[in-house]
Amino acid sequence: MSSETVERQSSAPDLTTVEVRCTGHVRRVVGEPSLSYTFEGDTLRDFLDAFFQEYDVGDMLIAETEADATTEGWAPEMADLPGDWAKNPEGEQTRCYARVAVNGEFNEHLDGLDTELEAGDRVGLMFPFIFCC
């Protein structure tokens, strides 16, 4: 193999194929409940950037501001929540009734939008999503 061939192969973009599951309004816009999706890169951020360019669901899922990510719930707030609760930085949070999950775990319990994806991972795009205690 020539050095030129090796150089071209190493500069080729990394592609990742994931299984996407869509619920609610996301499913309506995408047109199907599940699909395989191939994108350039290997993070949740890379996936969402590519997916949102193809399907107009970004505004349904991602909050621009802290206010978009927060709601006054009907359930009283608990002083001590069980488990570890982490919040993504402003601009990288989901809207208050939306969630993005990787292999069944919400992205904020992983590495947020920097969560690494591997071929065959499942990405769930859920809107509306309602959590109750």
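Strands β5 and β6 run antiparallel and are joined by 2 bridges. The model is predicted. Within this pair, Val 102 stands opposite Glu 105 of β6. The two strands form a hairpin with 2 residues between them. Asn 103 in this hairpin takes a positive phi near 50 degrees.

Now follow β5 to its other partner. Strand β7 covers residues 122-127 and pairs with β5 in the antiparallel sense. This pairing runs over 4 bridges. One contact to look for is Ala 101, whose bridge partner in β7 is Gly 124.

What covers the faces of β5? Start with a general point. In a regular strand, side chains alternate between the two faces of the sheet. Strand β5 spans residues 99-102, and both of its faces are covered. Arg 99 and Ala 101 lie on one side, and both are buried. Val 100 and Val 102 lie on the other side, and they are buried too. Buried here means under 20% relative accessible area. Across the protein chain of 133 residues, 33% count as buried.

Next, step back to the sheet. It is open, has 5 strands and shows mixed pairing. The order is β2-β1-β7-β5-β6. The edge strands are β2 (34-40) and β6 (105-106), and each pairs on one side only. At the β2 end, β1 and β2 run antiparallel, with 7 bridges joining them. Glu 19 has Ser 36 of β2 as its bridge partner.

The sheet sits in a longer chain pattern. The protein chain holds 5 helices and 7 strands. Read along the sequence, they follow α-β-α-β-α-α-β-α-β-β-β-β.

Finally, turn to the surface. Which residues gather in the patch of negative charge? They are Asp 14, Glu 40, Asp 42, Asp 111, Glu 116 and Glu 118. Take Asp 14 as the example. Asp 14 is found in the loop between α1 (3-11) and β1 (15-23). Is Asp 14 buried or exposed? Its relative accessibility is 57%, so Asp 14 counts as exposed. The cut-off for exposed is over 50%. Asp 14 therefore contrasts with Arg 99, Val 100, Ala 101 and Val 102 of β5, which are buried.

Technical notes:
Residues are numbered from 1 along each chain as its sequence is written. This is a predicted model: local features need pLDDT of at least 70, side-chain atom pairs count only at pLDDT 80 or more; totals for chains, interfaces and linings use all residues. Side-chain values use heavy atoms; hydrogens and water are left out. Patches are made of residues with over 30% relative accessible area and no salt bridge: like charges are joined within 9 Å, nonpolar side chains (Val, Leu, Ile, Met, Phe, Trp, Tyr) within 5 Å. Accessible areas come from the Shrake-Rupley method with a 1.4 Å probe; for residues, only the protein chains shown count as cover. A salt bridge is a side-chain nitrogen of Lys or Arg within 4 Å of a carboxyl oxygen of Asp or Glu. Lys and Arg count as positive and Asp and Glu as negative; His and the chain ends are not counted. The place of a charge is taken as NZ of Lys, CZ of Arg, CG of Asp or CD of Glu. Buried means under 20% relative accessible area, exposed over 50%, partly exposed in between (1.4 Å probe, protein chains only). Two strands pair if DSSP finds at least two bridges between them.
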